[in-house]
Amino acid sequence: MTDKYTLFVSHGFGKDLAKKLGLPQPAVLRRYKAGEPLVPGPVLLLGSGNGNAAGADELAAVLLGWGLDVRRNALPKEKLGAIILVLDDVEHPQDLAGPVLTAAQSLRDLVPCARVVTISRTSASAETPAVAAGRQGIDGLLRSLAKELRAGATANGILLGDGVGTTSPSTLGALRFFLSGRSAFVDGQFLTVTTGVGQLPTDADRPLAGKVAVVTGAARGIGAAIARTLYRDGARLVVVDIPAAGDHLAAVANEVHGTALQLDITAEHAGERIIAHAMERHGGLDIVIHNAGITRDKLLANMDESRWNSVIGVNIGSQLRINEALLASGRFSKAPRIVSVASTSGIAGNRGQTNYAASKGGVIGMVRATAPLLAENGGSINAVAPGFIETEMTARIPFATREVARRLNSLQQGGRPGDVAEAIAFLASDAAAGISGEVLRVCGQNLVGA
Ligand code: NAI
C-alpha cells in the first residue's frame, strides 16, 4: 500500500511541478531505524525564563547524558534537530511570550522531520485561573504550531500530573518517543504522565526484552505490523486471529519466532485460552494488545441488528470480557500492560460508522475506567487511535474519497501500519508505565475532530 504521490513530489521534476501548481507536498517521514541518532541535529532547550529553571536545567543534564548536542541559546543560522520548550513553571499566559517568541526565531532553521516538544503541567490541577489559563494556552499554541510546521516536522506535548517532574521516567520515555522516528505520524498531540513510576530500558533498541506479548488480529494489516515491531523491540509473541486466517497467522508467527493461537476473540472463554496458551508456551504474560477489529458500515437508518452487534461484539465486547478474565486470573504479570486500538472515528464520528464509532468510543471509555484497576499492581492501559492508515481496508475506499481522506492532515499523507505499531510498542514498554488511561492519536493531526 504505497502512497506513490508522496514519492513523486519528493524530488526532481515532481517536486518542481507540485510547487508550481500549489499541490500538497508531503515529506518522506523520518522513521525509526535501530542505531540511528535519536535526533538529526542539535537540540535547543528553552525554559520559561520565569526565574524557576530547575526543571529545564535537570532535563538539560539528562539530554547531555544521552549524548545529545544541547543548546540553551540558538547559534545564528545553525540547523536544529529539535526544540524543547520546558514550560512546567508557567503561572500566567504572559509567561509564554519569552520562550515561545525565542523558539519562533529558530523555526526556519529546523532540519527536515525535526521535532518541537513542549513539557508543561496539566491545567486540571492548576490552583488559580491565571495558572490554568497559562497551562491551557499551551494546548492551543502547540496544536496551531503543528499545523504550521513543514517538511515532516512535528510538534507534540507532554503534560505532567501532580508530583511528576521533567526527569520522571515516563516524562523521559515520552520525550524520547516524540523526539525519535518512532513518532513519525504523531502530530499535534499531548501525552499526560500521571505518576512518577516507570523505567527507561537499559537497551534503547530492545525496550521489550524478556516480555511476553499477545497481539489479537495479527494475521495481517496493523496487527501484523504490531507483532513485527514488538518482536524487533525484544518481546516474545503470541499472535491471535480467527481460524479462517490460519495460514497468514502461521506466516506471521514464523516471521516473529512466536506462537500462533487460532481463536475467535468473541468466544466465551477467549481470555482464559489466551492466558493458558501464554503460560504453557512462554511461561508468562506481560502485554496484551487488543488490535482485532471489524467494520460493517451502513447509515444508521439502514442499520441491521447483525451489523450492529457484530461490530460491538468484536471491537469492544471481546476486550471487556478478555480483560475481566486477565484481571481475575492472577497470572497476568506483576506490571501488566494493555494497549487497545481505538480510532479517530470513535472521537470525531464518521458518516456510516455509528456502530464502529460506538465500539471505538467504547474502547476509550473502557481504557479510562480500567486504568485505576491496573494501577494497584503497577499496570497500565492505554488506547491508540489511528487516523488514515495505508492498509487493505483503506485501499478499498474509492480513489477520490481516499485522496481527500489521506491528505486531510498536517503531514498531508496517510500513516503506515508501522506508525501505529511504534506508538503501541512505546505504550507497552516500562518507559511508559507512568502513562495510563490515555488515548494517543496516530493520525498526522487529522483535521477532522482534531
Ligand atoms: P484488517 O481487517 O486488515 O485486520 C484485522 C484483523 O483482525 C484480521 O486479520 C481479522 O481476521 C482479525 N479479526 C477480525 N475479527 C476477529 C475475531 N473475532 N477474532 C480474532 N481476530 C479477528 O484491519 P486493520 O486495518 O489492520 O485494523 C486493525 C485495527 O486498527 C482495527 O481495530 C481497526 O478498527 C483499527 N483501525 C484501522 C484504521 C485503518 O486506517 N486501517 C484506522 C483506525 C483504526
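**Notes on a predicted model, starting from A227**

1. A good place to begin is A227, which sits in helix α7, the helix that covers residues 221–232. Please keep in mind as you read on that this is a predicted model. The relative accessibility of A227 is 0%, and because buried means under 20%, A227 counts as buried.

2. What is A227 in contact with, once its neighbours within four places in sequence are left aside? The partners are V215, L237, V239, V252 and V256. For a sense of distance, you could also look across to Q262: A227 and Q262 are separated by 35 residues in sequence, and their C-alpha atoms lie 15 Å apart in space.

3. Stepping back to the whole chain, you will find 15 helices and 13 strands. The radius of gyration is 22 Å, close to the 22 Å that the globule rule gives for 450 residues, so the chain is as compact as a globular protein of that length. Measuring along the principal axes, the C-alpha trace spans about 60 × 55 × 45 Å.

4. Some further totals may help you picture the chain. Of its 450 residues, 54% are buried. Take the contacts between residues at least 6 apart in sequence: 75% of these join residues at least 24 apart. The exposed area of the chain is about 19,000 Å², with carbon and sulfur atoms supplying 54% of that area. As for charge, there are 44 positive and 40 negative charges, and the mean positions of the two sets are 6 Å apart.

5. Now to a sheet that is worth tracing on screen. Six strands make up an open sheet, and reading across it the order is β2-β1-β3-β4-β5-β6, with parallel pairing. The edge positions belong to β2 (70–71) and β6 (190–193); each has a single partner strand, so one side of each is left without a neighbour in the sheet. As a general reminder, strands of a sheet pair through backbone hydrogen bonds, in either a parallel or an antiparallel way.

6. Within that sheet, how many bridges link β1 and β3? Five bridges connect strand β1 (residues 43–47) with strand β3 (residues 80–86), and the two pair in the parallel sense. If you would like a landmark for this pairing, G47 stands opposite V86 in β3.

7. The β5 and β6 pair can be followed in a similar way. Strand β5 (residues 154–160) runs parallel to β6, and four bridges join the two. Here the landmark is G157, which stands opposite F190 in β6.

8. Are the faces of β6 covered or open? Both faces are covered: F190 and T192 are buried on one side, while L191 and V193 are buried on the other. It is worth reading this together with the edge position of β6, where a single partner strand is present.

9. Two residues deserve a quick look at their backbone angles. K77 has a phi near 65 degrees, a positive value in a residue other than glycine. You will find K77 in the loop between β2 and β3. Its relative accessibility is 72%, and K77 therefore counts as exposed.

10. The other residue is Q412, which has a positive phi of about 55 degrees although it is not a glycine. Q412 lies in the loop between α14 (399–407) and α15 (417–427). With a relative accessibility of 25%, Q412 counts as partly exposed.

Notes
Residues numbered from 1 in each chain as written. Predicted model: local features only at pLDDT ≥ 70, side-chain atom pairs only at ≥ 80, totals over all residues. Heavy atoms only, no water. Rg over C-alpha atoms; globule rule 2.2 N^0.38 Å. Buried < 20%, exposed > 50% of the residue type's maximum accessible area, 1.4 Å probe, protein only. Contact = heavy atoms within 4.5 Å. Areas by Shrake-Rupley, 256 points an atom, 1.4 Å probe, with all protein chains shown as cover. Lys, Arg positive; Asp, Glu negative; His and termini not counted. Charge placed at Lys NZ, Arg CZ, Asp CG, Glu CD. Pairing = 2+ DSSP bridges.
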